[in-house]
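This report describes the fold of a protein chain and then turns to one of its pockets. The sequence and the structure are shown first.

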Amino acid sequence: MTPHTDDIAAIIVRERARLLGFIRRRVPNAGDAEDILQDVLFEFTQAWALPEPIEQVGAWLARVARNRIIDRFRKKREESWSDASGQDDDEAEYLYLEEALPDPDGGPEAAYMRAMLLEAISNALDELPPNERDVFIGHELEGLSFQDMATHSGTNVNTLLGWKRRAVLHLRNRLQPFYDELT
């Protein structure tokens with residue numbers, strides 16, 4: 001192995017467990033978490049070969065992991081929409097939220113604003129207590145029902161509803177500047 005390859009291997013060994021923990025806190029399915037980890041590590045090996053060095057590897061890996069998690073949730077949601085014969089209220093609300101984001105193909109300014117919004121959403125989710133974040137992600141991004149989450153976790157549905165409400169209020173508060181800028 002060349003010294004360059006040795007550097008990559010050492011970084012992967014050093015960061016793998018921490019990065020997998022970061023992903024697992026946001027992705028309940030272990031297989032999905034491992035897939036995301038592999039995607040992130042593959043992207044890291046590709047980026048390592050670029051002429052511009054990665055200054056803060058841990059932060060870079062976390063940012064790429066967040067983006068992959070969002071992409072995975074969005075893809076799963078889109079797949080469930082194409083499989084569904086109709087939309088329930090939760091899906092209609094999510095579609096509205098997705099449509100409220102600037103189109104990624106709408107040019108550089110729209111792509112930049114979309115990236116900024118997605119980063120702000122990710123950061124706001126990171127600020128939540130784990131139970132509130134998990135309920136919000138489970139319901140809004142994974143499409144889980146409150147009953148399914150209650151059965152799986154053993155937590156009362158009303159408690160889950162309260163956690164989701166607090167998460168929504170927090171996200172509204174944190175994202176208000178973006179809404180103000182868009183209107």
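## Overall fold

Read along the sequence, the protein chain of this predicted model follows the pattern α-α-α-α-α-α-α-α. Its secondary structure accordingly comes to eight helices, with zero strands.

## Packing and surface

Of the 183 residues in the protein chain, 37% are buried, where burial is taken as under 20% relative accessible area. Among the contacts in the protein chain that have a separation of 6 or more, 58% are accounted for by residues that lie 24 or more positions apart in the chain.

The accessible surface of the protein chain comes to about 11,100 Å², and carbon and sulfur atoms hold 54% of that area.

## The second largest pocket

The second largest pocket holds about 380 Å³ of space. Its lining is made up of 19 residues, of which Pro28, Asp134, Leu144, Met149 and His152 are the closest to the centre of the pocket. Three elements, α6 (130-141), α7 (146-153) and α8 (157-182), each give two or more residues to this lining, and α6 gives the most, with five residues.

In terms of residue character, the lining of the second largest pocket is mixed, since eight of its residues are nonpolar, five are polar and six are charged. Among the residues closest to the centre of the pocket, Pro28, Leu144 and Met149 count as nonpolar, Asp134 as charged and His152 as polar.

Note on methods:
Residues numbered from 1 in each chain as written. Predicted model: local features only at pLDDT ≥ 70, side-chain atom pairs only at ≥ 80, totals over all residues. Heavy atoms only, no water. 1 Å grid on protein atoms, 1.4 Å probe; cavity = no way out; pocket = protein on both sides within 12 Å on 5 of 7 lines; lining within 4 Å. Points joined across faces, edges and corners; volume = space filled by probe spheres on them. Helix = DSSP H or I, 4+ residues; strand = E, 2+ residues; numbered from the N terminus. Buried < 20%, exposed > 50% of the residue type's maximum accessible area, 1.4 Å probe, protein only. Contact = heavy atoms within 4.5 Å. Areas by Shrake-Rupley, 256 points an atom, 1.4 Å probe, with all protein chains shown as cover.
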